[in-house]
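I sat down with this one today to see how its pieces pack together. Here are my notes, in the order I looked things up.

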Amino acid sequence: MKRTSVNIACWNINCLKSKLFDKSNDSVFLKEISSFDIVCLSEIKCKMEHINFEGYRTHVVQRKTVDKGPVYGGIAILVKRNIKPGIIFLPSTSSEYQWIKLDKDFFDLTKNIYVCFVYYSPRNSTYSNSSDADIIASVGSDLSRYSSDGNILLCGDFNARTGCKVPDFIVNDNDVHVPVSNHYLEDADINCRVSQDHVTDARGRELLDLCIESQLRILNGRSFGDSQGMFTSYKYNGNSVVDYMLVSENLL
């Protein structure tokens, strides 16, 4: 029997295992992820051999580290075994994001769906300062290629603040329709994207520009279940976690 729906989650967990705590053995943590078919865990800060979740196949993207040195960043993508045949991991040239393809035939869709899981280090972090990679530009380049073959979903931790006053589409352009829980709305109908965070920073403007150029729309503060645009960033010990989901205008 073909699958016709997939539940996807993204979570910056800021270290999967430490000397004090192991989230992979925590009952509350495991219960939270168990209802999802595909789970992206970012900032896992551990090596692949230390990751094992019952019922899931795991794909890990890691930064290069020195032998026996600390592990920073890293993305683990968990895919339930019963849908693994319908998931294709696409070649990646970066440790900061990973594209996967949901096969239209396996999931009984009209088009393939290309999902990109992103972890983009904060602008002034040590890693960002030592790297000249522009992750948003790189993702945008891939996006232009994959969008010709299917629909697009970007999700993860962009460490970007997009506020709610700056639109993620061209104002007064009513030709594009956006699906919200199977109901298509014109851009004019979704002019008020709600967010509890009223700040737009430089990274956020880059993300908004990507939306405009690629006809993506931010789901935060616009979709059912998040009509209030609740915070996805919680600061602790000077760190923050920001998760976004962006969807192409014709994603089914």
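**Entry 1: two helices side by side.** I started with α4 and helix α5 (residues 202-214), whose axes lie 10 Å apart and pack at an angle of about 10 degrees. Angles under 35 degrees count as roughly parallel, and α4 and α5 are therefore roughly parallel to each other. Next I asked which residues make the contact. From α4 I noted I136, G140 and L143, and from α5 R203, E206, L207, L210 and S214. Sorted by character, the residues of this contact of α4 with α5 divide into four nonpolar, two polar and two charged. I should say here that I am working from a predicted model.

**Entry 2: the whole chain.** I stepped back for an overview. The secondary structure of the chain comes to five helices and 12 strands. The chain has 252 residues, and 46% of them count as buried. I also looked at contacts between residues at least 6 apart in sequence: 68% of these join residues at least 24 apart.

**Entry 3: aromatic pairs.** How many aromatic pairs are there, if ring centres must lie within 6.5 Å? I found that the count comes to five. F106 and F107 have ring centres 4.9 Å apart and planes at 75 degrees, so I wrote this pair down as edge-to-face. I then checked burial for both residues. F106 counts as partly exposed, at 23% relative accessibility, whereas F107 counts as buried, at 1%.

Y114 and Y146 also have ring centres 4.9 Å apart, but their planes are at 5 degrees, so this pair is stacked. Where do the two partners sit in the chain? Y114 belongs to strand β7 (residues 112-119) and Y146 to helix α4 (residues 135-146), so I had come back to a helix from my opening entry; the pair links distant parts of the chain, 32 residues apart. Both Y114 and Y146 are buried.

I closed this entry with a cluster: W11, F29 and F53 form one aromatic cluster.

**Entry 4: charges over rings.** I looked for arginines above aromatic faces. R145 lies over the face of Y146, and I noted 4.8 Å from the ring centre. R203, which I had listed in the helix contact, lies over the face of Y120, at 3.6 Å from the ring centre.

**Entry 5: positive phi.** Most residues other than glycine have a negative phi. With that in mind I picked out C15, which is not a glycine and yet has a positive phi of about 95 degrees. C15 is found in the loop between β1 (8-12) and α1 (27-34). Is C15 buried or exposed? Its relative accessible area is 16%, so I marked C15 as buried.

E43 went into my notes too, with a positive phi of about 55 degrees although it is not a glycine. I located E43 in the loop between β2 (38-42) and β3 (56-61). E43 counts as buried, at 14% relative accessibility.

**Entry 6: a serine in a loop.** My last stop was S24, in the loop between β1 and α1, the loop where I had found C15. S24 is buried, with a relative accessible area of 8%. What does S24 touch, not counting residues up to four places away in sequence? I listed L16, K17, L30 and F53, and F53 is a member of the aromatic cluster I noted earlier. I also looked up the C-alpha atoms of S24 and E54: they are separated by 9.9 Å, with the two residues 30 apart along the chain.

Technical notes
Residues are numbered from 1 along each chain as its sequence is written. This is a predicted model: local features need pLDDT of at least 70, side-chain atom pairs count only at pLDDT 80 or more; totals for chains, interfaces and linings use all residues. Side-chain values use heavy atoms; hydrogens and water are left out. Rings of Phe, Tyr and Trp (its six-membered ring) pair if their centres lie within 6.5 Å; planes under 30 degrees apart count as stacked, over 60 as edge-to-face and the rest as tilted. Buried means under 20% relative accessible area, exposed over 50%, partly exposed in between (1.4 Å probe, protein chains only). Helices (H or I, at least four residues) and strands (E, at least two) are DSSP runs, numbered from the N terminus. A charge sits over a ring if NZ of Lys or CZ of Arg is within 6 Å of the ring centre and within 35 degrees of the ring normal. Axes are lines fitted to C-alpha atoms, for helices over the stretch in contact, and angles run from 0 to 180 degrees between N-to-C directions. Angles under 35 degrees count as roughly parallel, over 145 as roughly antiparallel, 65 to 115 as roughly perpendicular and the rest as oblique. Contact means heavy atoms within 4.5 Å. Ala, Val, Leu, Ile, Met, Phe, Trp, Tyr, Cys and Pro count as nonpolar, Asp, Glu, Lys and Arg as charged, and the others, Gly among them, as polar.
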